[in-house]
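Here are my notes on the model you shared, set out point by point. Please keep the structure open while you read.

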Amino acid sequence: PSRGGGKGGPPPLKMPRSTRDHAEESRRLIANMEHRLGESRAAPWQVRKRLFRDLQRELHPDKNLDDPEAAKLAFQRLMELRGSFLAP
């Protein structure tokens with residue numbers, strides 16, 4: 001029987017992500033987040049507050065088990081933007 005991850009063998013092992021992978025993923029998450037925040041900048045405060053909370057949930061490292069390090073960086077950036085985005 002084949003054991004190389006083909007038919008009938010065990011699935012291939014996941015290799016740990018490199019630092020470069022974390023950086024690329026965090027840039028992607030941050031760009032997506034900033035785009036969504038930018039689109040709603042002129043929205044009423046309640047709408048912006050809801051979006052901010054949704055992003056907090058989406059980007060929280062505990063909710064991104066596939067790459068918690070990238071999520072941590074994106075979540076930290078989100079929290080840096082909190083004051084300016086949620087200002088009345």
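1. Let me begin with a charged pair. Arg 57 and Asp 54 form a salt bridge, with 2.6 Å between the closest N and O atoms. Both residues belong to helix H2, where they sit 3 residues apart, about one turn of the helix. Arg 57 counts as partly exposed because its relative accessibility is 48%, between the limits of 20% and 50%. Asp 54 is partly exposed too, with a relative accessible area of 24%.

2. Please bear in mind that this is a predicted model. The mean pLDDT of the protein is 85, and 78% of the residues reach 70 or more. By element, confidence is lowest in H1, at a mean of 91, and highest in H2, at 96.

3. One stretch calls for care. Over residues 1–5 the pLDDT stays under 50, and the model has 8 contacts beyond four places in sequence for these residues. Where pLDDT is low, the predicted coordinates should not be read in detail. I would treat the 8 contacts of residues 1–5 in that light.

4. Now the overall layout. The protein has 3 helices and 0 strands, and from the N terminus on its elements run α-α-α. Of the 88 residues in the protein, 27% are buried. If you take the contacts between residues at least 6 apart in sequence, 57% of them join residues at least 24 apart.

5. Back to the charges: how many salt bridges does the structure hold? The count is 5. One of them joins Glu 25 to Arg 28, with the closest N and O atoms 2.6 Å apart. These two residues are 3 residues apart in helix H1, so about one helical turn separates them. Their surroundings are worth a look: Glu 25 is buried because its relative accessible area of 18% falls under 20%, while Arg 28 is partly exposed at 46%.

6. Another salt bridge reaches between helices. The side chains of Glu 34 and Arg 77 meet at 3.0 Å, N to O. Glu 34 lies in helix H1 and Arg 77 in helix H3, so this pair ties together parts that are 43 residues apart in sequence. Both partners count as partly exposed: Glu 34 has a relative accessibility of 33%, and Arg 77 has 28%.

7. There is also a network to trace on your screen. Salt bridges that share partners join Glu 34, Arg 77 and Glu 80 into one network.

8. Which residues make up the aromatic pair? The count for the structure comes to 1 aromatic pair. Phe 52 and Phe 85 form it, and the pair is stacked, with 6.4 Å from centre to centre and 25° between the planes. The pair links distant parts of the chain: Phe 52 is in helix H2 (residues 45–59) and Phe 85 in helix H3 (residues 68–86), 33 residues apart.

9. Are these two rings buried or exposed? Phe 52 is buried, with a relative accessible area of 2%, and Phe 85 is buried as well, at 1%. Phe 85 has a charged neighbour too: Arg 48 lies over the face of its ring, at 6.0 Å from the ring centre.

10. Ser 26 makes a good stop on the way back to helix H1 (residues 19–39), where it has its place. This serine is buried because its relative accessible area is 6%, under the 20% limit. A polar atom of the Ser 26 side chain lies 2.9 Å from the backbone oxygen of Ala 23. Not counting residues up to four places away in sequence, Ser 26 touches Ala 70 and Leu 73.

11. Last, a small residue in the same helix as Ser 26: Ala 31 also has its place in helix H1. Ala 31 is partly exposed, with a relative accessible area of 45%. Its C-alpha atom is separated by 9.0 Å from that of Ala 74, although the two residues are 43 residues apart along the chain.

Conventions:
Residues numbered from 1 in each chain as written. Predicted model: local features only at pLDDT ≥ 70, side-chain atom pairs only at ≥ 80, totals over all residues. Heavy atoms only, no water. Helix = DSSP H or I, 4+ residues; strand = E, 2+ residues; numbered from the N terminus. Buried < 20%, exposed > 50% of the residue type's maximum accessible area, 1.4 Å probe, protein only. Polar contact = N/O pair within 3.5 Å; in protein donor to acceptor, adjacent residues only side chain to side chain. Contact = heavy atoms within 4.5 Å. Phe/Tyr/Trp six-rings, centres within 6.5 Å; stacked < 30°, edge-to-face > 60°. Lys NZ or Arg CZ within 6 Å of the ring centre and 35° of its normal. Salt bridge = Lys/Arg side-chain N within 4 Å of Asp/Glu carboxyl O. pLDDT = per-residue confidence, 0-100.
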